[in-house]
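Me: I would like to go through this structure slowly, one question at a time, with the reasoning spelled out in each reply.

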Amino acid sequence: MKTIVRVEKLAKAFRGPTGKVNALDDISFTVDAGQLTVVQGPSGCGKTTLLLAIGGLLEPDSGRVFVDGQEMHSLSADARARFRADNIGFVFQQFHLVPYLSVRENVLTAALGRIAEPEPAAKGTNELLARFGLQERARHLPAELSTGERQRTALARALLNRPKVLLADEPTGNLDPENAEKVWDCLRSFASDGGSVLVVTHDPTPARKCQQVLRLDQGRLIACA
Ligand SMILES: Nc1ncnc2c1ncn2[C@@H]1O[C@H](COP(=O)(O)OP(=O)(O)OP(=O)(O)O)[C@@H](O)[C@H]1O
Ligand SMILES: [Mg+2]
């Protein structure tokens, strides 16, 4: 299988009031096309930092990230943002929905500037809202949603452009078992259609459901399965 995400010797340290925190320490791994990978580890181990660095949203101190052969951090900020819009879907741990846009409009923002014809984006949005049980909430603002509904909206937005890579930060963190299972089904089918999925989570349960499980502890990968 073709390698889509390649992470090489990634390192990132933060300097805080209590000294240096090695959030990422010499991390290397790959994710192939069609592969669902989970990085699992406790709170504070570096999961969000890793995902942000892979998505090109955080500059690492050293190391390289390739997405479909493109070295992310060698691109200018503008080129990186364009590359991300075309190739990467990102589900943020804090969702980052636009507060003054409805659920439908939030999902549609993924298509801004990308699709000349608005029809496919509108159709895709309707399909995703139906898939995640959000039709009844399509006109709600984020503040008028439950946390789990916000999470599902963020996932729908990340999927709209059918990205090559989906990066998801605790995508089931606020969901009941039934909705969590729907999200895992969706991630699995995204991968079996040829996409690459990288999920980071503190929850050890989903590990059984994926092709590759990596364990992160204090910024280091400690085991691969
Ligand atoms: N901007 C920052 N400045 C200083 N320290 C930071 C910063 N961002 C993260 N850290 C530290 O880096 C470490 C890793 O943080 P990160 O957010 O990646 O953890 P996480 O595994 O995603 O945790 P959680 O499961 O709670 O979301 C933590 O110890 C955190 O305190
Ligand atoms: Mg996190």
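Me: Is Val-197 buried or exposed, and what is its relative accessible area?
Reply: This is a predicted model, and in it Val-197 lies in strand E8, which covers residues 196-201. A residue counts as buried when its relative accessible area is under 20%. Val-197 falls under that cut-off and is therefore buried, with a relative accessible area of 0%.

Me: Which residues is Val-197 in contact with, leaving aside its neighbours within four places in sequence?
Reply: Contact here means that heavy atoms lie within 4.5 Å. Being buried, with a relative accessible area of 0%, Val-197 in strand E8 can be described by the residues around it. Leaving aside the neighbours within four places in sequence, these are Val-31, Gln-35, Leu-36, Thr-37, Leu-166, Leu-187, Phe-190 and Ala-191.

Me: How far apart in space are Val-197 and Val-5, C-alpha to C-alpha?
Reply: Along the sequence, Val-197 and Val-5 are separated by 192 residues. In space, however, the distance from C-alpha to C-alpha is 9.5 Å.

Me: Which element gives the most residues to the shell around ligand 1?
Reply: The shell includes Phe-14, Val-21, Ala-23, Lys-47, Thr-48, Thr-49 and Gln-93, and by type its residues divide into five nonpolar, six polar and one charged. Strand E2 (19-32) and helix H1 (47-54) each supply at least two of the shell residues. With three residues, the element that gives the most is H1.

Me: At what distance does a polar side-chain atom of Lys-47 lie from an oxygen atom of ligand 1?
Reply: Several polar atoms of the protein can be followed here, one of them a backbone N or O atom of Gly-46, which lies 3.1 Å from an oxygen atom of ligand 1. An N or O atom in the side chain of Gln-93 is 2.9 Å from an oxygen atom of the ligand. For the polar side-chain atom of Lys-47, the distance to an oxygen atom of ligand 1 is 2.7 Å.

Me: What percentage of the area that ligand 1 exposes when taken alone is buried by the protein?
Reply: The starting point is ligand 1 taken alone, which exposes 640 Å². Of that area, the share buried by the protein is 62%.

Me: Which residues are the protein donors of the magnesium ion, ligand 2?
Reply: The donor atoms, OG1 in one residue and OE1 in the other, lie 2.0 to 2.2 Å from the ion. The pair links distant parts of the chain, 45 residues apart, with one donor in helix H1 and the other in the loop between strand E6 (88-91) and helix H3 (103-108). Both are partly exposed, the one in H1 with a relative accessible area of 27% and the one in the loop with 34%. The donors are Thr-48 and Gln-93.

Me: Where is Arg-162 found, and what is its phi?
Reply: Most residues other than glycine have a negative phi. Arg-162 is exposed, with a relative accessible area of 67%, and its place is in the loop between H5 and strand E7 (165-169). Although Arg-162 is not a glycine, its phi is positive, about 45°.

Me: What is the phi of His-96?
Reply: His-96 is found in the loop between E6 and H3 and is partly exposed, with a relative accessible area of 48%. His-96 is a residue other than glycine, yet its phi is positive, near 55°.

Note on methods
Residues are numbered from 1 along each chain as its sequence is written. Chains are lettered from A and ligands numbered from 1 in the order in which they are written. This is a predicted model: local features need pLDDT of at least 70, side-chain atom pairs count only at pLDDT 80 or more; totals for chains, interfaces and linings use all residues. Side-chain values use heavy atoms; hydrogens and water are left out. A residue is near a molecule or strand if one of its heavy atoms lies within 4 Å of it. A polar contact is a pair of N or O atoms within 3.5 Å; within protein, one must be able to donate a hydrogen and the other to accept it, and residues adjacent in sequence count only if both atoms are side-chain atoms. Accessible areas come from the Shrake-Rupley method with a 1.4 Å probe; for residues, only the protein chains shown count as cover. Helices (H or I, at least four residues) and strands (E, at least two) are DSSP runs, numbered from the N terminus. Ala, Val, Leu, Ile, Met, Phe, Trp, Tyr, Cys and Pro count as nonpolar, Asp, Glu, Lys and Arg as charged, and the others, Gly among them, as polar. Donors are N, O and S atoms within 2.8 Å of the metal (3.2 Å for Na, K and Ca); water is not among the atoms, so sites may look incomplete. Buried means under 20% relative accessible area, exposed over 50%, partly exposed in between (1.4 Å probe, protein chains only).
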